[in-house]
Protein chains: 2
Amino acid sequence: MKLNQRGLLVVISGPSGVGKGTVRRALFNMPNHDLVYSVSMTTRPVREGEIEGVDYYFVDKETFLRRIQENKFLEWAEFVGHYYGTPRDKVDEQLDLGKEVVLEIEVEGALQVRKQMKEAVFIFLVPPGKLALYDRLKNRGTESMNMINKRMRKAEGEFLLAHKYDYIVVNDEVNNAADRIMAIIRAEHARTERTIHNYIKMIGE
Amino acid sequence: MKLNQRGLLVVISGPSGVGKGTVRRALFNMPNHDLVYSVSMTTRPVREGEIEGVDYYFVDKETFLRRIQENKFLEWAEFVGHYYGTPRDKVDEQLDLGKEVVLEIEVEGALQVRKQMKEAVFIFLVPPGKLALYDRLKNRGTESMNMINKRMRKAEGEFLLAHKYDYIVVNDEVNNAADRIMAIIRAEHARTERTIHNYIKMIGE
């Protein structure tokens, strides 16, 4: 019996190259979960095979800018001429259905969400050491040394933002990290500030 | 990889009759845990078969009272002429070894521990409704209606103290409750305030 019926917004972030996407996929591969992805809204053109509402919500620039004005994004950013954002109403809909909405985003976006939605759960994914991150970036094999060094410098700055998160999870092994995140979700549902309201209703009956 | 190496003091409490002992036993029956019991100190005489340091630490009244003065208990109480308490040094020893020390105590004792040890994890175990608690007390079959009513009145008062705890866990089914507590322990180890110190050391290396 869950005292807190509403889903959680689970923000998974961390320094560039830590393996956020891999951990997020491992999380969704676990059995018996109520996780859903947060679908982003974008102004970039639809690509072949992409489905509205599944891959993205596609809107024109005017609509996107109006939504920014109306504070309808939990976070947004511009990237090579296109806008990307997390629509607040879509997230709320899923939370109301009891789904845990997973948002896997860069540190900057996560800090925007922090300001918009205090009750979300913020998880900072970290490598088991700086060297491990460097190795991971090198082993991707897709980037020049110059690019790797640039990413490492970016990560250095992001490392320092860990204290702004609720949890720090080490990505030493992808399934361990996913297990820990699942434990965090279960535990957060039982936190007093999320349960006390329904608890009081329950004992009043 | 655990960033927080120190064990947690896990205080399991809740209204009279909720089934704290049963849940605690289910918890210890789970695989792969690092849980240990907190062994109490007492002035009551040793009973046949009881082992010093396993069942209790047995001391005389003078020693116990001196230890109260020296603030060496996380909580203590007098019960039918004998003293019982949780020795702080023994708990600390286990925490330093990385063990999770489980303290299953009455609400009053838990609130004493709260004052002594801010970093402990406080879990309030509740029945899935008042009626469930009443049924459980009746079904024990060992107590008179008078005693059952007395216990229910005590529980009524204790129900109201839930907000003083970090987590509220419903004991709808004993293994569910134990699972939730295990998730809470895992999650708490990852909380930023417990991990940031070692995290900063790690990224400095």
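**Exercise 1. Decide whether His197(A) counts as buried or exposed.**

Solution. Start with where the residue sits: His197(A) belongs to helix H8 of chain A, which runs over residues 192-204. Next, count neighbours. In this predicted model, His197(A) has 11 C-beta neighbours inside 10 Å. The cut-off for exposed is 12 or fewer. His197(A) therefore goes down as exposed. To get a feel for distances, pick Glu50(A) as a partner: 147 residues separate it from His197(A) in sequence, and their C-alpha atoms are 41 Å apart.

**Exercise 2. Find out how far you can lean on the prediction, using the average pLDDT of chain A and the ipTM and pTM of the complex.**

Solution. Take the chain to begin with. The average pLDDT of chain A is 92, and 100% of the residues score at least 70. Then go to the complex, where the predictor reports an ipTM of 0.90 and a pTM of 0.92.

**Exercise 3. Work out what kind of axis relates chain B to chain A.**

Solution. Step one is the superposition: rotate chain B by 180°, with 0.0 Å of shift along the axis, and it lands on chain A with an RMSD of 0.0 Å. Step two is to name that relation, and it is the one of a two-fold axis. Step three is to locate the axis in chain B: the nearest C-alpha there belongs to Ala183(B), 2.3 Å away.

**Exercise 4. Describe the side of chain B that touches chain A, by its elements and by residue class.**

Solution. First the head count: 30 residues of chain B contact 30 residues of chain A. Now sort them by element. Strand S9 (167-170), helix H7 (174-190) and helix H8 (192-204) of chain B supply at least two residues each. By class, this side of chain B holds 19 nonpolar, 4 polar and 7 charged residues. Last, compare the two copies. Since 100% of the interface residues of chain B are interface residues in chain A too, the copies meet through the same surface.

**Exercise 5. Identify which residues of the largest nonpolar core touch the most other members, then list the contacts of Val11(B).**

Solution. The largest nonpolar core has 102 residues. Touching the most other members are Val10, Val11 and Ile123, in chain A and in chain B. Zoom in on Val11(B), skipping neighbours within four places in sequence: its contacts are Leu103(B), Ile105(B), Ala110(B), Val113(B), Ala120(B), Val121(B), Phe122(B) and Ile123(B). There's a general habit to keep in mind here: in soluble globular proteins, nonpolar side chains tend to be buried together.

**Exercise 6. Show that the buried residues of helix H4 of chain A line one face, and say what they pack against.**

Solution. Begin by picking out the buried residues of H4(A) (residues 107-116): Val107(A), Gly109(A), Ala110(A) and Val113(A). Look down the axis of H4(A) and they fall within an arc of 155°, so they line one face of the helix. Check the other side, where Glu108(A) and Lys115(A) are exposed. Finally, see what the buried face meets: strands S1 (9-13), S5 (73-79), S7 (100-104) and S8 (121-126), plus helix H6 (145-159), in chain A.

Chain B can be worked the same way. Val107(B), Gly109(B), Ala110(B) and Val113(B) are the buried residues of its H4. Their arc around the axis is only 155°, which puts them on the same side of H4(B). Glu108(B) and Lys115(B) are exposed on the other side.

**Exercise 7. Place Asn32(A) and Asn71(A) in their loops and look at their phi angles.**

Solution. Asn32(A) is in the loop between helix H1 (20-28) and strand S2 (35-37) of chain A. Its phi is positive, about 50°, though Asn32(A) is not a glycine. With 5 C-beta neighbours inside 10 Å, Asn32(A) is exposed. Now Asn71(A): look in the loop between helix H2 (61-69) and S5 of chain A. Here phi is about 60°, again positive in a residue that is not a glycine. Asn71(A) has 9 C-beta neighbours inside 10 Å and is exposed.

**Exercise 8. Characterise the surroundings of Tyr57(B) and list what it touches.**

Solution. Tyr57(B) is part of strand S4 (residues 56-58) of chain B. It has 16 C-beta neighbours inside 10 Å, so Tyr57(B) counts as partly exposed. Leaving out residues up to four places away in sequence, Tyr57(B) touches Val39(B), Met41(B), Glu52(B) and Pro87(B). For a distance check, take Asn32(B), 25 residues away along the chain: its C-alpha is 27 Å from that of Tyr57(B).

Conventions:
Residues numbered from 1 in each chain as written. Chains lettered and ligands numbered in written order. Predicted model: local features only at pLDDT ≥ 70, side-chain atom pairs only at ≥ 80, totals over all residues. Least-squares fit on C-alpha atoms with pLDDT ≥ 70 in both. Contact = placed C-beta atoms within 7 Å. Helix = DSSP H or I, 4+ residues; strand = E, 2+ residues; numbered from the N terminus. Nonpolar A, V, L, I, M, F, W, Y, C, P; charged D, E, K, R; others polar. Core = buried A, V, L, I, M, F, W, Y, C linked by C-beta atoms within 7 Å. Buried ≥ 20, exposed ≤ 12 C-beta atoms within 10 Å, placed from the backbone. Arc of directions from axis to C-beta. pLDDT = per-residue confidence, 0-100.
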